[in-house]
Amino acid sequence: AYGDIAVLFRAATHTHYFEEALRDCGVPYCLVAGGGFYERREVLDVLALLKVVTDPWDEAALVDFLRSPAACLTDDSLLCLRMAGGVARVFNGDTVPDGFGQADRLARARELVVELRGCRELPPGTFLRRAIARTGMEAMLLGQHQGLQKVSNIRKLAQAADSFADRLPARLGAFVRYLDEVRSGAVREGEANLQAGGGNAVSIMTVHKSKGLEFPVVFLPEMALGGRRGGRDKLLMHRSLGLALPMEDDEGNKADCMMAEAVKDRILREEEAESARTLYVAMTRARDYLVLCGGPKARQNTWFFLLDQVYGVSEKAHLDTVEGKSWRAVVRRE
């Protein structure tokens with residue numbers, strides 16, 4: 001099942017490419033403790049609604065709200081509002097611009113905001129759940145791709161509002177400011193974990209976040225991508241060996257002195273050892289089946305290079321096998 005599978009990364013830099021590929025194939029997935037929870041579209045839509053309720057003249061938030069599934073105005077309609085005197089000014093009034101083609105939706109959006117402003121003194125979590133129910137947002141999200149994940153994300157936001165109210169005065173405006181501070185501070189927050197709720201989705205996470213976990217099936221993509229290479233700076237520094245700088249010879253050409261060579265060599269060897277430890281952690285997350293994905297050549301300072309040093313994988317032909325004491329692997333090149 002999808003929930004038996006994890007895709008692990010050394011770093012989260014390129015996970016969005018894999019997310020896009022999974023979406024294209026219709027594969028449900030859950031980004032675990034990655035970045036971008038507060039930048040997810042469904043979370044931003046809820047935040048825009050909260051901002052409009054607390055500040056009716058926040059025009060940027062109002063535009064976001066009106067374009068969201070809660071109001072569904074088109075860009076042409078928003079342009080019409082803008083040309084009629086400003087989005088916030090027209091929306092907070094009671095007139096409909098000439099030639100406006102979505103008067104019914106505009107009226108429903110105004111009614112929704114007025115109704116929610118009347119209960120903004122509720123605790124943030126309670127208010128959020130009422131707003132979500134009133135807009136029918138969960139039903140709309142469930143009809144979209146990754147709908148269950150999106151619904152779980154807005155429920156997670158409501159839980160965050162509950163936690164906020166437990167620690168600080170439970171005012172909606174304060175919670176909105178808190179969310180803005182969290183987003184501007186680039187706090188890394190993962191999406192809601194579907195697996196904990198009995199969901200069935202592929203888990204995407206970094207190797208660091210996978211420590212202590214086990215999955216029946218694990219994929220390790222990007223085996224052929226290099227990790228960080230130390231020892232390339234002009235100032236070389238090691239905690240036990242000290243500092244070293246490149247020197248100039250009699251002709252003015254820069255060259256590493258013996259100390260610089262020693263520091264550079266030590267740093268590279270330590271980075272390779274750390275890379276091997278990380279690879280070991282990643283591989284041992286798999287219980288039954290492990291898929292290692294790499295390029296055809298084993299470039300230095302990659303996980304594929306470490307594997308190739310031991311098993312000579314790059315010299316194997318398609319469907320050749322590699323065997324250990326209690327495991328067997330098949331090399332696939334096609």
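In this predicted model, helix α3 passes helix α4 in a right-handed crossing. The two axes, those of α3 (residues 59–67) and α4 (residues 75–83), come within 10 Å and cross at roughly 145 degrees. On the α3 side, the contact is made by E59, V63, L66 and R67, and these meet D75, L78, L81 and R82 of α4. Sorted by class, the residues joining α3 to α4 comprise four nonpolar and four charged ones, with no polar residue taking part.

Helix α1 offers a second view of packing, and T15 is a convenient place to begin. This residue lies in α1, which spans residues 15–24. T15 counts as buried because its relative accessibility is 9%, below the 20% cut-off. Beyond its neighbours within four places in sequence, T15 is in contact with F9, L31 and I204.

T15 shares its buried state with E19 and L22 of α1. Seen down the helix axis, the buried residues of α1 fall within an arc of 65 degrees, so they line one face of the helix. Such a pattern fits the geometry of an α-helix, which has 3.6 residues a turn, so residues three or four places apart point the same way. The buried residues of α1 pack against three strands, namely β1 (5–9), β2 (29–31) and β3 (202–206). On the face turned away from this buried side, α1 carries the exposed residues Y17 and D24. After the helix comes G26, with a positive phi near 70 degrees.

Definitions and conventions: Residues numbered from 1 in each chain as written. Predicted model: local features only at pLDDT ≥ 70, side-chain atom pairs only at ≥ 80, totals over all residues. Heavy atoms only, no water. Axes fitted to C-alpha atoms, helices over the stretch in contact; angles between N-to-C directions. Helix = DSSP H or I, 4+ residues; strand = E, 2+ residues; numbered from the N terminus. Left-handed = near helix turned anticlockwise from the far one by under 90°. Contact = heavy atoms within 4.5 Å. Nonpolar A, V, L, I, M, F, W, Y, C, P; charged D, E, K, R; others polar. Buried < 20%, exposed > 50% of the residue type's maximum accessible area, 1.4 Å probe, protein only. Arc of directions from axis to C-beta.
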